[in-house]
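Let's take a friendly walk through a two-chain structure, looking at contacts and cores. Have the sequence and the 3D view at hand.

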Amino acid sequence: MFSLVRALWDVFLHAFRRRVTVQYPEQKPYLPPRWRGRIILSRLDGEERCVACYLCAAVCPVACISLQATEDETGRRYPLFFRINFSRCIFCGFCEEACPTYAIQLTPDFEMGEYDRQNMVYEKSDLLIAGPGKYPDYNFYRVAGLAIGGKEKGGAENEEPPVDLRGLLP
Amino acid sequence: MNDIIRPLVTVGGVLAVLLSIAVSLIWLERRLLALWQDRYGPNRVGPFGLLQAFADIIKLFMKEDWTPPFADRAVFILAPAIMFVTVLMSFVVVPFAPDIGVINLNVGLLFFFGMSSLGVYGVVLAGWASNSKYSLLGGLRASAQMLSYEVFMGLSLMGVVILARSFDLRVIVEAQKSVWYCIPQVLGLGVFLVAGIAETRRLPLDLPEAEAELVAGFHSEYSSMKFALFFAGEYLGITLISVMIATLFLGGWLGPVLPPPLWLLIKVFICISFFILLRGALPRPRYDQVMSFGWKVMLPLALLNLLVTGAVRLAMG
C-alpha cells in the first residue's frame with residue numbers, strides 16, 4: 001500500500017523534471033558532420049567529380065541509384081544522367097564508401113518530406129552542389145594515371161613519367 | 001414564464017458545461033500525462049494545443065461508423081447511449097451553487113447510486129451485443145467489477161449521510177460549513193475514491209478495457225461516434241465522481257472570496273488531476289486481485305466506517 005503512495009508521489013515529482021521532447025521544427029536537433037542524410041554530388045573547381053564508374057549503383061543494396069556514363073571530347077567520363085530514388089534509399093552510405101572520386105557524399109539533412117512520391121526521385125541537377133563537400137582537396141584525375149584533356153600520361157601527382165621500354169638507360 | 005425558462009436555461013447551461021468539460025478533458029488528460037512523463041503532450045493545435053480536442057472530435061466524426069454484421073444491432077447501438085445518458089442523468093442532482101442545480105431532490109444521493117448502477121448496463125450490453133470474445137470478456141469483467149464495487153460505494157457514503165442526516169446533496173454541502181467531511185470521513189473518502197475509480201473504469205482498475213489483454217475490452221467493436229460516446233461517457237464519469245467527491249467530502253461550493261461555482265470547479269479540477277495521476281502512476285492489478293481487494297478489504301473497511309460513524313453519532317446524540 002505504501003509503495004502505491006510512493007509511486008504516486010514519484011510520478012508527481014516528474015512534473016518538475018526537464019522535458020525530453022525536442023520541439024522539432026523550432027528547435028533543431030544536433031546532427032553530427034558525418035550524419036548520413038540527403039545524398040549530393042559534389043564538384044571540384046566547377047567540374048563534376050563523378051566519373052560514372054557505376055560503383056555506387058553496384059554497391060547500393062536497394063538499387064536506388066541509376067546512371068548512364070558518357071565521355072566528353074577529351075575522354076573524360078561523366079554521367080549523362082544520375083538519378084537517385086530517395087523513396088527507396090536507406091541512407092546506408094555504401095555509395096559514399098564505394099566512390100573513388102568522393103563525388104557522391106551524404107549530408108546532415110533529413111528534411112526531405114514530399115507530398116508526391118515522384119518528387120522523391122532526384123535528378124542530377126537536384127543532386128549536384130557547387131562545392132567539393134567534405135573532401136575539398138581530392139582531385140581524382142590529378143592522382144590517377146589516366147591521360148585526360150590537359151594532362152598527359154605521367155603528369156599526375158607523385159607519378160613518374162612513363163618508362164621508355166625501348167631505351168637502355170635505367 | 002420564469003418557471004419554465006429558468007430550468008431550461010439551467011439544463012442547457014449544465015449540459016453545455018459538462019460536454020465542454022468532457023471534450024477538454026481529452027486535452028487535459030493528454031497534457032497532464034505528458035507532464036508526468038517528462039513530455040509536452042499535444043501543444044501544436046491552437047494555444048497550448050487547446051484545439052487538439054476539437055481536432056480529435058472532427059477526426060472521430062470522420063471515421064466510418066461501423067456496425068459489425070455479427071453484432072446484435074439494436075442493443076449494439078443502444079449500449080453507448082445508455083452509458084452516456086446514465087452518467088449525464090446523475091448530474092441532475094448535483095448542486096453547483098446554492099441556487100444553481102437542475103433539480104432539488106431530497107434523495108439525490110440515492111438517485112446518483114441508481115444511475116451509476118444503470119450505467120453498468122451500458123458496458124455489459126456493449127460487451128454482449130458486440131458478439132466477440134474480447135468484448136464479452138470485457139463485459140463480463142465489467143459486470144463483476146462494477147457490481148461488487150457498487151456495494152461498498154454505497155456503504156462508503158452512508159457515513160456522510162449519517163453525519164448530514166440527509167440524502168439531499170444540498171443539505172450535505174450546507175452541513176459541511178464547519179468542517180469538510182474529508183476529515184471525519186477520511187476512511188469513507190478513501191473507499192469511495194477506490195469505488196469511484198472502479199465505477200468509471202479508470203486506469204488502475206480498467207479491467208473491462210484492459211487494452212493489453214482484451215484489445216479494448218467491451219468497446220473493441222465500436223468505432224466513430226459510438227466509440228466517442230463511450231469515451232465521453234468515461235470522461236463524464238470521471239467528472240461525476242470528482243464532483244461527488246468535491247460535494248460530499250470537500251465541501252462542494254463552500255469556500256471564501258471566490259464565487260461558489262468556481263470553488264466547486266477548482267475542487268473538481270484537483271480531483272480529476274488526481275485521477276489522471278493515478279492513471280499515470282499505477283499498474284493494473286490482476287482480475288482476481290481486484291475482486292478480492294474489493295470484497296476482502298474495501299467492503300470491511302466501508303462497514304467499519306459505517307459502524308464507527310454510527311456509534312459516534314449515537315454516542316453524541
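What follows covers the contact between the chains, a helix pair and the nonpolar cores.

Please keep in mind that this is a predicted model.

Let's start where the chains meet. Chain A brings 11 residues to the contact and chain B brings 10 residues. On the chain B side, helix 1 (2-36) and helix 9 (260-281) each supply at least two residues. Helix 9 of chain B has the largest share of that side, with 3 residues. By class, the side of chain B that touches chain A holds 6 nonpolar, 2 polar and 2 charged residues.

Within chain B, have a look at helix 4 (residues 108-129) and helix 5 (residues 133-164), whose axes are 8 Å apart and which pack at an angle of about 170°. Angles over 145 degrees count as roughly antiparallel, and helix 4 of chain B and helix 5 of chain B are therefore roughly antiparallel to each other.

The two contacts compare by class as follows.

| Contact | Nonpolar | Polar | Charged |
|---|---|---|---|
| Side of chain B that touches chain A | 6 residues | 2 residues | 2 residues |
| Helix 4 of chain B with helix 5 of chain B | 14 residues | 7 residues | 1 residue |

Now to the interior. The largest nonpolar core has 89 residues, and those touching the most other members include B:Met83, B:Phe152 and B:Ala195. Helix 8 (residues 224-248) of chain B gives the most to this core, 15 residues. Leaving out residues up to four places away in sequence, B:Ala195 touches B:Tyr149, B:Phe152, B:Met153 and B:Ser156. Another core, of 22 residues, lies apart from the largest one, with A:Ile40, A:Leu67, A:Cys99 and A:Leu127 among its members.

Terms used: Residues are numbered from 1 along each chain as its sequence is written. Chains are lettered from A and ligands numbered from 1 in the order in which they are written. This is a predicted model: local features need pLDDT of at least 70, side-chain atom pairs count only at pLDDT 80 or more; totals for chains, interfaces and linings use all residues. Two residues are in contact if their C-beta atoms, placed from the backbone, lie within 7 Å. Helices (H or I, at least four residues) and strands (E, at least two) are DSSP runs, numbered from the N terminus. Ala, Val, Leu, Ile, Met, Phe, Trp, Tyr, Cys and Pro count as nonpolar, Asp, Glu, Lys and Arg as charged, and the others, Gly among them, as polar. Axes are lines fitted to C-alpha atoms, for helices over the stretch in contact, and angles run from 0 to 180 degrees between N-to-C directions. Angles under 35 degrees count as roughly parallel, over 145 as roughly antiparallel, 65 to 115 as roughly perpendicular and the rest as oblique. A nonpolar core is a set of buried Ala, Val, Leu, Ile, Met, Phe, Trp, Tyr and Cys residues joined through C-beta atoms within 7 Å. A residue is buried if 20 or more other C-beta atoms lie within 10 Å of its own, exposed if 12 or fewer, and partly exposed in between; C-beta atoms are placed from the backbone.
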